[in-house]
Each structure stands twice: as C-alpha cells, then as structure tokens.
Amino acid sequence: MGLSKLGQTFTAREILDLVKDDLERVEREISLESVASVDAVTTISRYLQAGGGKRLRPILVLLASRLAGAVTDGTIRMAAVVEMIHTATLVHDDVIDIAKTRRGRPSSNAIWGNHTCVLAGDWLYMQAFQMALRERNFRVLDLLITLTQMMVEGELLQLECIGKIAISEADYMELVDRKTASLFSACARLGAMMGAADEPTEARLGEFSWNLGIAFQLVDDVLDFTSHEKVLGKPVGSDLREGKVTLPLIYALEHASTEERALVDNVLKDGNYDRAPFAQILRLIERHRGFDRVRERAQAFTDKARAIVIEFPDSPYQRAMLALTELVTDRDH
Ligand code: IPE
Ligand code: IPE
Ligand code: MG
Ligand code: MG
C-alpha cells in the first residue's frame, strides 16, 4: 500500500495501527463491490486498487466515526464508497488531463483507452451510489450527490481556466474547494453520521476535514513542482504542462518581470518545457517565494483543522487526527 511515508514516523504508525483492521475490511469491501458483469470494469478497478494510493479518504471516514462514537458496518461501507468515488474521479481526470502515469504505473487511460475509461468511471460512480443506497438514508445520498456535482463542476471550471495565465487566487481557491476539500469534508461528515454523531459534531468534523483538504491540495500543488516522479508516482511539472496555473505560480507571477511572465506563457502555449526549461520555472517561483508562501498558507489551514480537533476529548483517535494534519503538510507524495 502507498503509505510508505506514513509508515516511517511514529505518529504515522500510530494512525495506521489504529485503523489497520478497519482498513482491511474496507479493502475487502472494495474488492467485493468492484465486480461487474463486463470484465473491463472489474480489471480496471482491480488495477487501480492494486496500484496503491494513500487511502486518506477512507482513513478520514474511519477516524471520524471513531471520534463520533464507533465504527459500524455503515462506516466500512462508506469508507469504501468514498474511495470508489475518488477512484472514479481519478479515472475521468486522467482522461481529461491526458495523463500517462498514476500511482507510479501507466494510467488506466494509457492502457485501456479513453472510451473504456469514461464508461468504467461511470460504472464506479454508480456502484458507489448503489452501495450508499443500502444505508436507506436520504442525508447520505443528498451529501454524495451534492458532492459529486460540486466535483464535476470543479473539473468543468478547471477546463475553462486551462492555458490562462491570469488566474486569480480566488479562482484557484474555488477549484481547490471543489475538487479536493469538498470530498475531504464529505468523508468526515459521512464517518460522523455512521458513528451516530449529532449534527454539530458532524459539522465540526466536516470543517476539520475541509481545512485539511485545502491544505492537502496546496501541498500537492507545491509537490507537483518540487518532488520527483519516483516519489510522487506521476511526472513533476505536470500542472503547468497541462495548462494549469496553480498557487505557487500565481504568487510568483504577482512579482514577475515581463520576461519571466513570457517564460510561463511559453509553457502554457507549447504544453512542454522546450522553450522555457523546467529548472528556470522552478527558479522563478523560488525567487519570488512562491513555494514558501503556499506552504505558509497550507500551514494556516492545518492550524485551523488542528484547532477544531483539539476541542474533542483526548483519545488515540483524536491524536491520530492531529497526526494526520502534520503528515499532510510534511508529506513527500
Ligand atoms: C490525488 O489524490 C488527487 C488530488 C486531489 C491531488 P491523492 O494524492 O490522495 O491520491 P492517491 O489516492 O493517494 O493516489
Ligand atoms: C485531481 O485533479 C482529480 C480530482 C480531484 C477531480 P488534478 O488533475 O489536479 O490531480 P492529479 O495531479 O491528476 O492527481
Ligand atoms: Mg490530473
Ligand atoms: Mg485534472
């Protein structure tokens, strides 16, 4: 499993040990529920499940349930549901982004092609909803449907931003809210619901996870520039190559010279780093403190998340939630 980095630190091991048995049940649930009457879907689902992934979203469901009360059969099912929704968005996202690599392996679209992957993604979404339906809980369905629409609208808005250099911080934050934080928030809310939390508790856990999700994506967008393909499991510099101007660059562009701006524009126009080498773009962002400022911003969101969790009674699960916030900002993939 792709939790190698998490496994290295004591606090991380603590989190993993706490949720290990539950997470194994979630994996079994995903395997059982990813079988379609058409082989292509089953094969793609298995391929993605075996490819690793940090399983952050199911972990959030599990910990939220623990904090609220107890892990129930519903918790396990919902943890599987959110990971399957996450998988469906990744399958579609890689088609949209013409991505070649995911989780250190060829992306599903690179192997099975766009047509099959669009349909496999649709199937996974619907399977996740069918599983959620078994709860016979309209609030669960309402939350998941609103969430999925938010995420799809986010991908549509992102398409409108592709290739544009003049992306504002507000535009960017809206995308991050939609494509990442909304799912993080939903995970904690679902976990809370399954643990029979009252509504204020559910809302607090949702807010915790929303802040964590924003920080997670900000760090992700830094790592897209600063990490290495072997560690990240996808090529570095992909965002800009795909035409996405993310926060490190938005901040750097605030102070960039006309020549520096032209450099960024070249990558956006060409879709490669032939005229403006990646190292030069990196230096430009560093010179204008783009990475530092985004890391500081991410830290502010994790601080908010921590402030919410600290209000909960002390328990191993509360400490695990706190450790999770540190891992999100300290991670390398
Ligand atoms: C990838 O999410 C999509 C983003 C929101 C950046 P993760 O980085 O959690 O992906 P996996 O599941 O660990 O591969
Ligand atoms: C992640 O979007 C997919 C969704 C959350 C919908 P990105 O395109 O920004 O992420 P990566 O870099 O492919 O993981
Ligand atoms: Mg992508
Ligand atoms: Mg994308």
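Contact here means that heavy atoms lie within 4.5 Å. This is a predicted model: local features need pLDDT of at least 70, side-chain atom pairs count only at pLDDT 80 or more, and totals for chains, interfaces and linings use all residues. Residues are numbered from 1 along each chain as its sequence is written, chains are lettered from A and ligands numbered from 1 in the order in which they are written, and side-chain values use heavy atoms, with hydrogens and water left out.

Start with Q217. This residue sits in helix α10. Helices are DSSP runs of H or I with at least four residues, strands are E runs of at least two, and both are numbered from the N terminus. Is Q217 buried or exposed? Q217 counts as buried, because its relative accessibility is 7%. Buried means under 20% relative accessible area, exposed means over 50%, and partly exposed falls in between, with a 1.4 Å probe and protein chains only. Setting aside neighbours within four places in sequence, Q217 is in contact with Y172, V176, K179 and T180.

Q217 also belongs to the residues around ligand 1. The others are G53, K54, R57, H86, L90, R103, T180, F216 and D220. A residue is counted here if one of its heavy atoms lies within 4 Å of the molecule. Which helix gives the most to this shell? Helix α10 does, with 3 residues. Both α5 (73-96) and α10 (199-226) supply at least two residues each. By type, the shell holds 2 nonpolar, 4 polar and 4 charged residues. In this scheme Ala, Val, Leu, Ile, Met, Phe, Trp, Tyr, Cys and Pro are nonpolar; Asp, Glu, Lys and Arg are charged; the others, Gly among them, are polar.

Now look at the polar contacts of ligand 1. A polar contact is a pair of N or O atoms within 3.5 Å; within protein, one must be able to donate a hydrogen and the other to accept it, and residues adjacent in sequence count only if both atoms are side-chain atoms. A polar side-chain atom of K54 is 2.7 Å from an oxygen atom of ligand 1. For H86, a side-chain N or O atom is 2.8 Å from a ligand 1 oxygen. For R103, the distance from a side-chain N or O atom to an oxygen of ligand 1 is 2.7 Å. Ligand 1 taken alone exposes 390 Å², and the protein buries 89% of that. These accessible areas come from the Shrake-Rupley method with a 1.4 Å probe; for residues, only the protein chains shown count as cover.

Move on to ligand 2. Around ligand 2 are T89, D93, D97, R102, E155, K179, K234 and K244. What types of residue make up this shell? There are 7 charged residues, 1 polar and no nonpolar. A polar side-chain atom of D97 is 2.8 Å from an oxygen atom of ligand 2. The value for R102 is 2.9 Å, again from a polar side-chain atom to a ligand 2 oxygen. For K244 it is 3.0 Å. Alone, ligand 2 exposes 390 Å², of which the protein buries 89%.

Two residues of that shell, D93 and D97, also bind metal. They are the protein donors of the magnesium ion (ligand 3), through OD atoms lying 2.0 to 2.1 Å from the ion. Donors are N, O and S atoms within 2.8 Å of the metal (3.2 Å for Na, K and Ca); water is not among the atoms, so sites may look incomplete. The magnesium ion (ligand 4) is coordinated by D93 (OD) and D97 (OD) at 2.1 to 2.4 Å. The two ions are 3.2 Å apart, and D93 coordinates both. D93 and D97 are each buried.

Other residues fill in the surroundings. Q158 is found in helix α8 (residues 138-161). Q158 counts as buried because its relative accessibility is 9%. Leaving out residues up to four places away in sequence, Q158 touches L175, K179 and K244. Both K179 and K244 are among the residues around ligand 2.

S107 lies in the loop between β2 (105-106) and α6 (108-112). With a relative accessible area of 1%, S107 is buried. Beyond four places in sequence, S107 is in contact with D94, A99, K100, T101 and R102. R102 is one of the residues around ligand 2.
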